[in-house]
Amino acid sequence: MSNKKKILVIQPIHKAGIDLLEKHPKFDFEVIENLDASNINSKISECDALSIRTAKLSAALIEEAKNLKIISRHGVGYDNIDTEASKRKNITLTITANSNAVAVAEHVMFMLLNISKRKEMYDSSVKSGRFDERNKLPKTIELWNKSILIAGFGRIGQCLIKRCKGFEMNVFVYDPYISNEIIENLGGKKVDNLAETIKSMDAISLHIPLNNETENLINYDLLKTMKKNCIIINAARGGIINEEDLNKALNENLIFGAGLDVFTIEPPSKDNPLLNNPKVMLSPHTAAFTEECMTRMGKETIQNIIDFFDEKLDKSKIIKL
Ligand SMILES: NC(=O)c1ccc[n+]([C@@H]2O[C@H](COP(=O)([O-])OP(=O)(O)OC[C@H]3O[C@@H](n4cnc5c(N)ncnc54)[C@H](O)[C@@H]3O)[C@@H](O)[C@H]2O)c1
């Protein structure tokens with residue numbers, strides 16, 4: 001019988017990560033594309049380590065994994081993993097901490113610019129032969145000298161501030177867990193009261209985890225206090241903004257627009273009204289899907305497993321359960 005470690009890769013990853021597995025002398029691996037719980041269930045019981053993207057890893061599946069020592073999340077959010085069960089079984093949970101931030105921060109800028117410059121409307125005016133209507137189109141908005149609130153100032157928030165500063169925006173930061181010094185060193189201003197600050201912002205970008213504290217954090221009560229020109233971006237996790245409330249606020253012209261990379265239910269249901277709302281720009285949870293970022297994540301998720309078994313895993317990659 002082979003004494004190689006069995007590695008399960010749940011959902012395909014970049015070839016750069018597969019290459020690391022292929023050339024490792026002590027690993028056997030399998031990539032799972034069929035994400036039915038019954039299929040994962042049939043493979044998980046023997047594995048020593050697994051890499052997982054967005055598929056759900058329930059307590060029942062984790063209980064089934066008799067030999068599992070490490071769950072290596074391909075990405076940084078881990079709300080798809082049952083952390084209680086992982087803790088109970090003393091399983092190490094790691095993330096690809098060094099891979100995602102730039103791609104997500106760029107995606108936020110991409111959304112902010114597209115929405116403020118009314119990309120769809122201006123683009124289609126030329127393509128459909130209505131160039132001469134240019135003076136009648138609603139005006140666009142500048143980012144220069146505008147105030148943006150970055151909620152959550154971890155890896156992505158700290159990357160985003162540099163891009164906002166490049167556009168000479170005034171950056172306010174809401175993150176009770178990050179020191180004033182770190183925020184000021186990057187040119188931000190720390191704020192303590194989210195509800196108060198929101199009232200004077202031209203843009204808001206969310207970079208916090210989804211948990212009991214943050215679910216439905218942005219709801220109608222807050223949306224109705226925002227400036228009419230405010231643009232809100234969520235490239236963190238669906239559920240932090242209440243989608244029904246957001247749609248209502250947009251339809252009532254309470255805010256200018258919204259950019260969403262993430263949804264309460266993914267994929268969003270066909271009757272989700274945001275899908276047909278022209279004030280919303282959407283992407284299918286792909287903020288981190290740059291070629292460069294996918295390469296980095298594919299490598300890092302496997303390298304974390306290799307480092308774990310070599311007992312040299314960087315502590316900053318390990319989630320405290
Ligand atoms: N769209 C995507 O493809 C994509 C990719 C990567 C990460 N994400 C999501 O982006 C978010 C941020 O990722 P990160 O790597 O920057 O995480 P991080 O852990 O480095 O930073 C999160 C920050 O949020 C702060 N925070 C926690 N709770 C808060 C609260 N209630 N109010 C204000 N601040 C709070 C923490 O102190 C921390 O500084 C996560 O939700 C992650 O799942 C999305």
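Two residues are in contact here if their C-beta atoms, placed from the backbone, lie within 7 Å. Keep that cut-off handy for the exercises below, and remember that this is a predicted model.

**Exercise 1. Place R237 in the fold: where does R237 lie, is R237 buried or exposed, and which residues is R237 in contact with, leaving aside neighbours within four places in sequence?**

Solution.
- Start with the chain: R237 sits in the loop that runs between β10 (231-234) and α11 (243-251).
- Next, count neighbours. A residue needs 20 or more other C-beta atoms within 10 Å to be called buried. R237 has 23 C-beta neighbours inside 10 Å, so R237 counts as buried.
- Now list the contacts. Once neighbours within four places in sequence are set aside, G77, D79, P209, L210 and V262 remain as partners of R237.
- Finally, try a C-alpha distance: R237 and D261 are 24 residues apart along the chain, and their C-alpha atoms are separated by 8.2 Å.

**Exercise 2. Work out what surrounds the ligand: how many residues are there, and which helix gives the most to the shell?**

Solution.
- Count first: the ligand is surrounded by 30 residues, and the closest are G77, G152, G154, I156 and Y177.
- Sort the shell by class, and you get 16 nonpolar, nine polar and five charged residues.
- Then look at helices. The most comes from α7 (residues 155-166), which supplies three residues.
- Check the domains too: domain 1 (5-99 + 291-317) and domain 2 (101-282) each provide at least three residues of the shell.

**Exercise 3. Trace the open sheet: in what order do the seven strands come, and which are the edge strands?**

Solution.
- Read across the sheet: the order is β8-β7-β6-β9-β10-β11-β12, with parallel pairing.
- The edges are β8 (189-190) and β12 (280-282), as each of these pairs on one side only.
- Zoom in on one pair: β6 (residues 147-151) and β9 (residues 203-206) run parallel and share four bridges. For A151, the bridge partner in β9 is L206.

**Exercise 4. Explain why the largest nonpolar core lies between the two domains.**

Solution.
- Pick out the hubs: this core has 56 residues, and V104, L149, I150, I204, C230 and I231 touch the most other members.
- Helix α5 (residues 101-116) gives the most to this core, namely eight residues.
- Now the domains: domain 1 (5-99 + 291-317) and domain 2 (101-282) both contribute residues, so this core lies between them.
- A separate second core has 23 residues, including L50, L61, I62 and L68.

Key:
Residues numbered from 1 in each chain as written. Predicted model: local features only at pLDDT ≥ 70, side-chain atom pairs only at ≥ 80, totals over all residues. Near = placed C-beta within 6 Å. Helix = DSSP H or I, 4+ residues; strand = E, 2+ residues; numbered from the N terminus. Nonpolar A, V, L, I, M, F, W, Y, C, P; charged D, E, K, R; others polar. Domains from an automatic or database assignment. Buried ≥ 20, exposed ≤ 12 C-beta atoms within 10 Å, placed from the backbone. Core = buried A, V, L, I, M, F, W, Y, C linked by C-beta atoms within 7 Å. Pairing = 2+ DSSP bridges.
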